[in-house]
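Grab a pencil and keep the viewer open. Here are a few exercises to work through, each with a solution you can check against the coordinates.

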Amino acid sequence: MAAAAWERFVGHRWLPKAAVVVLAAVLVAAFLLVRSERRDAHNAGVLEAACGGVLPRETVRGLLPGDETWELRSDLDLTGPSGRGPRTLVRCSLDWGEYGGLELAAVPVLDAPLRGVRPRDILSAGTAKEPDRATAYRTATTQVTVGCPAGLLGYPRPVTRFRVHASLNHDDGSEVAGAAKELATVVTAVADHVRDRGGCGGPAVKPSDARPGPGRVTESSEESEDSDGVPRACRWFRPGMLDGQWDPAGPDADGVTGDDADACSLSVRRTKPANRYDLTAGVSSVSWRGPLLPEVRTAYGAELAALSPAPEPKSGEKSSVLAVWAESSCSGARTLSRVRVETAVSALAADRADRILDAYLASSDCRAVKVLGKVWK
């Protein structure tokens, strides 16, 4: 009976071919299922290991293509006590295809070492070329700068900030649109990992703290550091403070904002000159904090000793320079500040110096201000 049935099956015009097709389909489906399960298990292992295992897995899984095999490359976690301070705290890359990938890194913000504490020293340090690892955040999809009040361990100078940045690209190398919100959750998780392992203290990081890399967006003039040619460290100044205006070719201003010092140097054209020498006026401002204060008091010892509430200006000079000093608490840190006003008319410097100092300190939310005095240079 079975033999007869087999004969009928074999002799059927299309049934054997259909059976072969069905069997092949079942085998292919089984193969694909096994391969999919192996790929999913492999990808789950990659997610569990990447960046020290701190990535929010569901969020990252939703960002990456589920039909691709992810490979973990450049995985590094040097957070916590580890001897000499590393240049990179966390780094990991999840890659697929030829160019697709999620790249993430956490790096300390290392200000260039100062050769001195005077404004020219601070400004020259601000122009030093930074390595690629320190500037990669500028073109990242999402980045966040995090304060570390207690300081990261292992560095010769205090390091009180670090950055976490992440980028997500398609297999063709183009950026994945609309990924910034989810990546904000990812960089926040890594930032809190660095904070906890590094003993930073301070408030926890929130996804709302994350921002696009500054090189990827065109910011408004109020948000950009120098979209109108005025560095962030000089934005507190208005040319009208010295009855002047910016040069039509662009503001003559240079500024640096750092952990331990901020400095600005600028010049404006006088709109109503009082004499033939009264063509320009200049201002420089500088604030020092923390470990720089003893060196500042040494470098400016003679000037600090000569301070008085209302010094008499020197006469017979083509240029008058008045320096005003103050102590205050800015963003919770003890701060020493100096504003230098240079004009061709001493009365103008004497009249405006206090107001210029007030504007400078107010821009940094400085409190408990104590004016130490003035000195003509």
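The exercises below deal with a helix, some disulfides and a strand, all taken from a predicted model.

**Exercise 1. Work out what span helix α9 should have, and check it against its ends.**

Step 1: α9 runs over residues 346-363, which makes 18 residues.
Step 2: The expected span is 1.5 Å times one less than the number of residues, so α9 should cover 26 Å.
Step 3: The end C-alpha atoms of α9 are 26 Å apart, in agreement with that value.
Step 4: Now look along the axis: α9 has a kink of about 40°, centred on arginine 352.
Step 5: Just past the helix, aspartate 365 adopts a positive phi of about 55°.

**Exercise 2. Find which residues of α9 are buried, and what they pack against.**

Step 1: The cut-off to apply is under 20% relative accessible area.
Step 2: Leu348, Ala349, Arg352, Ala353, Ile356, Leu357, Tyr360 and Leu361 pass it. Arg352, the centre of the kink, is on that list.
Step 3: The partners of these buried residues are strands: β8 (261-270), β9 (280-289), β10 (320-330), β11 (333-343) and β12 (366-376).

**Exercise 3. Count the disulfides and give their connection pattern.**

Step 1: Look for pairs of cysteine sulfur atoms within 2.5 Å; the count comes to 4 disulfides.
Step 2: Number the bonded cysteines along the chain, and the pattern reads 1-2, 3-4, 5-6, 7-8.

**Exercise 4. For three of the pairs, give the S to S distance, the handedness and the location.**

Step 1: Start with cysteine 51 and cysteine 92, whose sulfur atoms sit 1.9 Å apart. The torsion about their S-S bond is -85°, a left-handed link. Cysteine 51 belongs to the loop between α2 (15-49) and α3 (57-63), while cysteine 92 is in strand β2 (residues 90-96), 41 residues apart. Both cysteine 51 and cysteine 92 are buried.

Step 2: Next come cysteine 234 and cysteine 264, with 2.1 Å between the sulfur atoms. Here the S-S torsion is about 120°, so this disulfide is right-handed. Cysteine 234 is in the loop between α6 (180-198) and β6 (244-245), and cysteine 264 is in strand β8, so the bond ties together parts 30 residues apart in sequence. Cysteine 234 has 0% relative accessibility and counts as buried; cysteine 264, also at 0%, counts as buried too.

Step 3: Finish with cysteine 330 and cysteine 366, S to S 1.9 Å. At 105° about the S-S bond, their link is right-handed. Cysteine 330 is in strand β10 and cysteine 366 in strand β12, 36 residues apart. Both cysteine 330 and cysteine 366 are buried.

**Exercise 5. Describe how β10 pairs with β11 and with β12.**

Step 1: β10 and β11 are antiparallel, paired over 11 bridges. To get the register, note that alanine 326 has serine 337 of β11 as its bridge partner.
Step 2: These two strands make a hairpin with 2 residues between them, and serine 331 in the turn shows a positive phi of about 55°.
Step 3: β10 and β12 are also antiparallel, with 8 bridges; here glutamate 327 stands opposite lysine 370 in β12.
Step 4: Last, check the cover on β10: 9 of its 11 residues are buried. Among the buried residues of this strand is cysteine 330, disulfide-bonded to cysteine 366.

Terms used
Residues are numbered from 1 along each chain as its sequence is written. This is a predicted model: local features need pLDDT of at least 70, side-chain atom pairs count only at pLDDT 80 or more; totals for chains, interfaces and linings use all residues. Side-chain values use heavy atoms; hydrogens and water are left out. Helices (H or I, at least four residues) and strands (E, at least two) are DSSP runs, numbered from the N terminus. The bend at a residue is the angle between axes fitted to the seven residues ending there and the seven starting there. Buried means under 20% relative accessible area, exposed over 50%, partly exposed in between (1.4 Å probe, protein chains only). Contact means heavy atoms within 4.5 Å. Two strands pair if DSSP finds at least two bridges between them.
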